[in-house]
Amino acid sequence: MGMKRSMAVLAGCLLGWISSAAPASARPARAQDPAAQSSEDAALVTEALKEADKDRRRGEFRSAIRAAEETLADTPGDARALLLRARCHADQDEYEAALADGKLALEAARKAWPAVLPAALRSQAGLCLTLGRSVEAAGLLESEHLAPALDARDAWALARVAAANGKHDEARTYLEAGAATGSDQEWGGLLDKARCQRRLGDLSGASETLVAADEKTRAEGSSEADVLVELADLYFEADKEVAEGARRSAGQLYEEALRLHKTHEGATLGQYELYRFNWLRRRKNAALILDEYLLMRPESIPALVAGTSANLDDGNLKRVRSRLARLEKLAPQRRDVRALRAALAWIEHRTEDCRKELDALAKEDPADSMPARELAAHLCDLYRFGEAVPFAKEATERDPADYEAWGMLGKALANTGDEKGGLEALDKAQELAAPRQDAWRDNTRKVLKRMNKDLLRTDDGDLSFAWDPRAAEVFATYLMPFYGQARKELAARYGYTPGPTAIEVFGKHADFSVRSTGFEGYPALGVCFGPVVTAVSPLAEMRGTFSWARTSFHEFTHVIHLGLSHNRCPRWITEGIATWEEVNHNPSWSRNMRRDLVDALANEQLIPVRDLNAAFRTDRIIFAYYQGGLLCEMWVGSHGFPALVHLLEAFDKGLDLDEAFADVLKQTPEEVDRAFKQRVQEITADLKIEPRWDAGRVARLRLSLAPKPPADAAQLERWCEDWVTVAVGSFQSGARIDAEEALRHLGAEEVKHPRAAFLRGEIALAGKDTDEAVVQYQKAFAQGGDDFRARMALASLYRADDKLDLALAQARAAEKDFPGYPEKELNAERLVGAILTAKGDTDGAMQEIQKWLDCESGDFDGRMAVAAWLMTKAQPEQAARRLDEANQIDPFRRKLHEQWAEALVAQKKWADALREYHVGPIIPSEMDADKPAEMGDKEKAQWMAHEATCLRELGRNAEAQAKAEQALELDPACELANEELGKL
């Protein structure tokens with residue numbers, strides 16, 4: 001093994017990555033010589049540096065550097081202290097200082113500290129790799145000072161450098177050497193042994209090695225963040241959020257690592273990747289994790305790479321350029337930085353620049369699939385699936401074993417409509433990835449296979465459909481013409497006719513969600529990839545609560561937008577235009593999130609337009625839809641509808657957000673934000689309702705408030721209102737005692753603030769003291785206050801006491817405070833209707849319910865009830881309109897088609913009535929939510945006789961006669977059929 005190497009391995013047990021000096025002897029005359037210290041002094045210094053390095057590994061850099069500098073003050077050439085300081089600088093992204101100290105450490109080690117030399121070489125080479133200086137890193141690793149067959153740390157360093165220089169066979173040799181090293185190494189050696197095993201695909205072996213490394217660290221006092229993060233990374237790679245992986249949580253390991261070292265780069269980035277991969281994880285916001293880290297470590301190259309990549313996926317090109325510029329100053333030759341440069345060039349329509357960069361990268365390392373694969377991934381995230389396909393294919397050709405590239409190819413193909421090719425690519429990815437699992441890949445493969453097996457595919461010219469074969473005839477009757485009409489209407493509006501489009505209708509929301517995102521639980525009803533639309537069937541679990549027609553129209557609007565802009569428009573703008581188109585087509589299709597708008601304005605949480613794309617990856621996705629729609633409504637009002645088309649064209653030309661806004665709107669994004677805030681103030685100005693206060697905002701406000709009132713009258717009023725806000729926010733979060741304590745600050749001033757009385761009423765009501773609640777609400781109104789929820793509460797209390805006139809007055813006042821409140825159970829129009837019904841005023845009640853229906857598209861039962869009432873009022877045209885809307889919610893209800901047919905007959909709309917009389921009997925009883933009995937012969941005959949009537953009125957006498965005769969075959973006593981035969 002050699003004396004020098006034996007000393008190095010022994011010292012590694014003392015200092016981990018640093019490697020301690022050889023045993024000291026008597027102190028010679030030269031201060032920089034390690035032998036200058038007594039053995040007792042040497043042991044003290046060694047122990048001090050060991051503890052200092054532990055501080056470094058806990059993120060306590062000041063104490064670690066202080067210990068290093070104290071050592072250097074006594075022994076200026078101590079390579080261990082120099083290396084410790086270098087690593088502290090490197091861990092804080094102080095690259096020049098780290099390089100300088102690393103160079104000094106190397107010089108010192110070569111002169112007098114040979115045992116430290118391997119660690120110094122590894123450290124300096126690793127820093128060079130971080131900075132993209134792979135050739136320089138290769139020149140540093142002097143093989144005579146390293147022993148990859150004995151020390152996995154050496155093997156891992158050599159393998160990384162070889163791979164970075166495109167020498168993959170050489171890298172594999174080193175990885176195999178590292179993986180074969182012994183299990184008697186200290187924890188740092190075991191950590192790198194596991195890294196070698198993992199890179200070779202031996203995840204099980206790597207896991208065992210890391211567990212052994214963790215056991216060693218725990219035996220020495222506590223876990224090491226580096227070991228925990230590597231184990232978490234391995235679990236994430238192995239499980240990728242599959243359900244079976246929950247027993248070994250990567251997330252918990254990242255959390256544990258961050259408790260040990262709160263700014264640990266690997267733990268932070270691992271957590272970020274975890275939350276970004278699975279949007280169902282909502283405890284933290286992935287973008288916020290990264291942004292907060294970059295505030296602390298603005299020069300972190302891996303974090304900047306991750307952030308730039310995310311910004312590219314979100315279409316935030318201004319931030320991409322800013323971050324990429326920083327990366328190009330710090331590490332211009334890193335391959336991932338150059339790949340980002342190529343991706344930005346492609347997205348900016350500088351295709352030649354992109355190809356030039358990709359070709360240069362390929363020339364340096366022909367087997368590296370990463371640049372092409374990452375560009376394909378960015379394009380998929382931007383919904384530019386067609387453009388992603390050739391780059392994903394290129395990646396699989398460069399490295400046929402790259403399972404991630406095959407997975408990306410599968411996604412791109414499936415979302416351009418080639419589900420067969422997509423499934424084949426995903427199957428290949430699964431084969432190559434073993435034993436690595438992937439929830440997205442597994443889920444998507446299952447759904448694509450189930451689609452091929454269970455769904456019926458039907459073509460209708462440029463539109464093709466995949467849906468449940470049992471429901472196919474009903475779907476064909478309504479969905480086919482609806483999509484065809486939407487295509488015709490939107491093509492005329494935008495001056496663009498899309499190509500062939502596939503519409504996939506899923507009977508289970510979970511299948512829709514997986515087909516659309518790879519995971520269950522996506523809070524939407526439809527998704528458009530361009531040539532492919534996915535949608536939830538009206539038969540799905542939430543049947544009877546949403547309009548399939550609204551979803552269909554919204555998604556087909558995307559077909560136009562994405563085609564017109566070649567999928568180059570930011571997602572939030574296409575979603576905004578589609579949301580605006582919903583309301584433009586049918587006012588009842590409004591998302592009606594004015595309540596959320598009040599809250600967002602009060603809490604200063606309107607989303608800046610630069611961040612709207614990113615919001616679609618968070619729990620604010622539904623609000624992002626709504627805000628996008630309001631922005632488009634604002635632009636139509638200020639610039640006219642053509643502005644929306646011109647925006648799409650601007651993005652198609654390659655303009656970014658700033659350029660497109662300047663070209664079309666003559667505004668900057670920040671000016672748009674200010675204009676939108678003013679628009680929101682106008683929308684919400686007449687809404688009288690207490691906001692739902694954000695807990696963080698309330699906490700900050702509480703800390704900012706003085707405990708004693710100010711003397712100035714205006715300041716006093718503001719101070720009181722702020723304390724009321726703190727009180728309300730506290731009560732809303734369940735802290736009643738804190739709320740009451742906040743109110744006590746007002747003292748005698750409380751009577752001047754009706755919001756305080758409203759809160760007192762809420763508190764009393766929560767305590768079931770209804771009498772006190774009534775007193776407080778009345779007091780607040782007497783003080784000039786007004787609040788929708790208070791009005792509704794008081795109306796409900798009066799109604800419970802059978803004081804219907806008082807209840808009606810409060811309910812009507814609530815209706816003025818917030819007309820069309822979106823929550824069914826707290827809607828004033830519905831409450832007014834219920835009170836009027838109790839008073840015997842059915843007509844008045846139904847008129848109120850109509851107001852509710854005009855802003856709520858998913859109430860099936862309400863539409864059926866109103867339609868029946870309208871028929872009694874001899875208004876069949878209005879009844880038919882409501883029944884059409886009900887059909888757009890749930891077409892699988894026999895009673896609906898019967899009522900609709902009667903309304904159509906009353907208008908002499910024979911063709912439409914014929915359709916309804918045909919559809920009613922073909923609805924399978926098991927699909928009818930009303931669970932009717934199977935239709936008997938007499939009932940079937942009656943429906944057929946009605947068909948005969950419609951056919952006769954349409955002049956189709958031969959068909960009418962045949963239909964009447966069929967009816968009589970089923971029921972010879974059918975009077976209507978006999979009458980029809982008599983008329984023919």
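Q: Buried means under 20% relative accessible area, and exposed means over 50%. With that in hand, is Phe475 buried or exposed, and what about Phe892?
A: This is a predicted model, and the label comes down to whether a residue falls under 20% relative accessible area. Phe475 passes that test, and so does Phe892. For Phe475 and Phe892, then, the word is buried.

Q: How many aromatic pairs does the count come to?
A: Rings of Phe, Tyr and Trp pair up here if their centres lie within 6.5 Å. Going by that rule, the number of aromatic pairs is 27.

Q: What kind of aromatic pair do Phe475 and Phe892 form?
A: A ring pair is described by the distance of the centres and the angle of the planes. Here the centres of Phe475 and Phe892 are 5.5 Å apart, with 90 degrees between the planes. Planes over 60 degrees apart get their own label, so the Phe475 and Phe892 pair is edge-to-face.

Q: How many residues apart in sequence are the parts that Phe475 and Phe892 tie together?
A: Phe475 belongs to helix α25, residues 472-494. Phe892 sits in the loop between α45 (876-887) and α46 (894-906). The pair therefore ties together parts whose separation in sequence, in residues, is 417.

Q: Which ring pair partners Phe818 at 5.0 Å centre to centre?
A: The pair is edge-to-face, with 80 degrees between the planes. Phe818 is buried at 0% relative accessibility, and its partner is buried too, with a relative accessible area of 1%. That partner is Tyr821.

Q: Which residues do ring pairs link into a cluster with Phe475 and Phe892?
A: Phe475 and Phe892 pair with each other edge-to-face, and they also belong to a cluster linked by ring pairs. The other members are Phe465, Trp467, Tyr483 and Phe556.

Q: Which ring does the charged end of Arg915 sit over?
A: There are two such cases to look at, and in one the charged end of Arg830 sits over the ring of Trp852, 5.7 Å from its centre. For Arg915, the charged end is 4.9 Å from the ring centre. That ring belongs to Trp900.

Q: Which helix gives the most to the largest nonpolar core?
A: This core has 181 residues, and those touching the most other members are Tyr483, Tyr494, Trp572, Leu631, Trp635 and Phe661. The top contributor puts in eleven residues, and it is α25.

Q: Which residues is Tyr483 in contact with, leaving aside its neighbours within four places in sequence?
A: Tyr483 turns up in the ring cluster and among the residues that touch the most other members of the largest nonpolar core. With those sequence neighbours set aside, its contacts are Leu463, Phe465, Ile503, Val533, Ala535, Ser552 and Phe556.

Q: How many disulfides does the count come to?
A: A disulfide needs two cysteine sulfur atoms within 2.5 Å. By that rule the total is zero.

Q: Which cysteine sulfur is nearest to that of Cys128?
A: Cys128 is in no disulfide, as the nearest cysteine sulfur is 18 Å away, against a cut-off of 2.5 Å. Cys128 itself is buried, with a relative accessible area of 0%. The nearest sulfur belongs to Cys88.

Q: How far away is the nearest cysteine sulfur for Cys528?
A: Cys528 is buried as well, at 4% relative accessible area. It is in no disulfide, and the nearest cysteine sulfur, that of Cys569, is away by 13 Å.

Q: How many salt bridges does a search of the whole structure find?
A: One example joins Arg470 and Asp468, with the closest N and O atoms 2.8 Å apart. Arg470 counts as exposed, at 54% relative accessibility. Over the whole structure, the search finds 94.

Q: In which helix do Glu740 and Arg736 lie?
A: Their side chains meet in a salt bridge, 3.3 Å from N to O. Both count as partly exposed, Glu740 at 21% relative accessibility and Arg736 at 39%. They are four residues apart, so about one helical turn separates them, in helix α37.

Q: Is Arg882 buried or exposed?
A: Arg882 forms a salt bridge with Glu885, 3.0 Å from N to O, and the two are three residues apart in helix α45. Glu885 has a relative accessible area of 11%, which makes it buried. Arg882 comes in at 1% relative accessibility, so it counts as buried.

Key:
Residues numbered from 1 in each chain as written. Predicted model: local features only at pLDDT ≥ 70, side-chain atom pairs only at ≥ 80, totals over all residues. Heavy atoms only, no water. Buried < 20%, exposed > 50% of the residue type's maximum accessible area, 1.4 Å probe, protein only. Phe/Tyr/Trp six-rings, centres within 6.5 Å; stacked < 30°, edge-to-face > 60°. Lys NZ or Arg CZ within 6 Å of the ring centre and 35° of its normal. Core = buried A, V, L, I, M, F, W, Y, C linked by side-chain atoms within 4.5 Å. Contact = heavy atoms within 4.5 Å. Salt bridge = Lys/Arg side-chain N within 4 Å of Asp/Glu carboxyl O.
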